[in-house]
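I opened this model to look up its pockets and cavities, a strand, the domains and one residue. My notes follow in the order I took them.

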Amino acid sequence: MSRDLTTYPISQNARFKLLSSGFLTKEDLNGFKPNELACETGLSVQEALDVLDIVFPASSSNSVSKVLSCSAFDVLLDEKSRSPITTSCKSFDLILNGGIPLKKVTELCGCPGAGKTQMCLQLCVNVQIPKSLGGVDGEAFYIDTEGSFVAQRLLQIANACVIEHKSKSADSDVKNFTVDKILKGVYYYPCKSYIEVIARVNLLHQFLEEHKKVSLIVLDSIAFHFRYGFDGSYSLRSRLLNGIVQTLVKVANDYNVAVVLTNQMTTKIHEDGSSNLIPALGESWGHACAIRCILSWNEENRQVHLLKSPSMAEARAFYTITKDGIRDV
């Protein structure tokens with residue numbers, strides 16, 4: 001876990017300016033030059049240089065670190081060895097090349113009622129499907145910022161999943177695949193402010209060290225606490241969001257977990273007066289996640305649009321939400 005800046009012997013004035021500008025951990029200062037840090041925080045160039053010298057002493061910067069390397073063939077074998085998490089919608093799985101991938105950050109965007117939380121609850125259940133049935137046999141950690149997590153709904157989805165899969169196999173691991181086991185395998189944490197979100201994300205390394213079976217992290221939603229309350233200080237918001245996603249990318253790779261974020265939609269008004277819906281948090285945020293899906297719905301059907309993926313072409317699929325969870329149309 002990245003070290004908190006408050007633990008360094010930095011002057012009180014410099015510490016206040018750093019924290020007020022969104023620099024909370026050592027990782028937040030990576031790559032900054034003294035003049036850049038001074039510009040961002042209001043410190044003098046000399047003060048910024050002193051801070052960087054304290055946080056990144058010359059002895060450590062001159063040390064030789066081992067860089068692990070491997071061939072593209074090794075990377076390919078690693079990717080093929082990882083089972084994705086099914087969404088319970090075959091057409092959605094198809095455009096994702098099997099489901100939500102491990103070691104990647106996936107963003108689900110959509111208007112209220114599109115099914116973002118329903119999809120997250122379905123994934124929390126599906127990540128626990130036994131390996132003998134093509135699952136991951138993992139657990140889930142759910143960070144809830146909107147208060148939209150409903151345990152009773154999770155129970156419905158879990159019950160349907162158990163009934164469906166127990167009819168397919170009589171193996172011992174399938175017999176142990178019960179509703180109670182699923183509910184106990186979903187760790188829940190509510191966050192009431194963006195400070196709590198940052199704190200929880202920064203503690204994920206510690207949590208995953210203690211809970212080795214966790215293979216899915218859900219943050220529902222990333223936008224809720226970051227859309228308001230920054231008084232026009234979008235640079236601060238962007239820096240905080242970038243710090244969160246950098247940590248999540250590292251967590252996904254270090255612990256072989258899938259990270260799923262939900263995001264809201266906002267209206268973009270063009271110069272000619274026309275408008276359209278786009279994901280919230282700005283254009284720079286659009287580059288943060290490896291995979292971006294847009295969920296939408298009207299009176300006739302629900303649709304998911306795979307807008308961005310490092311391995312799959314842009315595509316669309318249809319899904320429905322039933323009492324049993326996410327399903328094909």
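**Entry 1: largest pocket.** I began with helix α5 (residues 72–81), which gives the most to the lining of the largest pocket, three residues. Helices here are DSSP runs of H or I with at least four residues, strands are runs of E with at least two, and both are numbered from the N terminus. I noted that this is a predicted model, where local features need pLDDT of at least 70, side-chain atom pairs count only at pLDDT 80 or more, and totals for chains, interfaces and linings use all residues. Residues are numbered from 1 along each chain as its sequence is written, and side-chain values use heavy atoms, with hydrogens and water left out.

I read off the volume of the largest pocket as about 410 Å³. On a 1 Å grid over the protein atoms alone, a pocket is an open set of points with protein on both sides within 12 Å along at least five of seven lines; a cavity is a set where a 1.4 Å probe fits but cannot get out; lining residues have an atom within 4 Å of a point. Points are joined across faces, edges and corners, and a volume is the space filled by probe spheres set on them.

Which residues lie nearest the centre of the largest pocket? I found Glu79, Arg82, Asn97, Pro101 and Ser311, out of 17 lining residues. By class, the lining has eight nonpolar, five polar and four charged residues. Here Ala, Val, Leu, Ile, Met, Phe, Trp, Tyr, Cys and Pro count as nonpolar, Asp, Glu, Lys and Arg as charged, and the others, Gly among them, as polar.

**Entry 2: cavities.** I counted two cavities of 30 Å³ or more. The largest cavity holds about 110 Å³. Its lining has 13 residues, with Asp28, Ile198, Asn202, Gly243 and Ile244 nearest the centre. Helix α13 gives the most, five residues. Both domain 1 (9–55) and domain 2 (78–328) supply at least three residues to this lining. The second largest cavity holds about 40 Å³. I listed its lining as Ser238, Leu241, Asn242, Leu281, Ser284 and Trp285. No charged residue is in that lining.

**Entry 3: domains.** The bounds of the two domains come from an automatic or database domain assignment. I found their centres, over C-alpha atoms, to be 34 Å apart. Nine residues of domain 1 are in contact (heavy atoms within 4.5 Å) with eight of domain 2.

**Entry 4: strand β5.** Is strand β5 (residues 258–263) mostly covered or mostly open? It is mostly covered, with six of its six residues buried (under 20% relative accessible area, 1.4 Å probe, protein chains only). Ala258, Val260 and Thr262 point one way, and Val259, Leu261 and Asn263 the other. I then checked the pairing, which takes at least two DSSP bridges between two strands. Strand β1 (residues 105–110) runs parallel to β5, joined by five bridges. Strand β4 (residues 214–220) also runs parallel to β5, with four bridges. Val259 is the β5 bridge partner of Val105 and of Ile217.

**Entry 5: Ile10.** I placed Ile10 in the segment before α1 (12–20). Why does Ile10 count as buried? Because its relative accessibility is 6%. Beyond its neighbours within four places in sequence, Ile10 is in contact with Leu5, Arg15, Leu18, Val51, Ile54 and Val55. Val55 is 45 residues from Ile10 along the chain, and their C-alpha atoms are 8.8 Å apart.

Terms used: Buried < 20%, exposed > 50% of the residue type's maximum accessible area, 1.4 Å probe, protein only.
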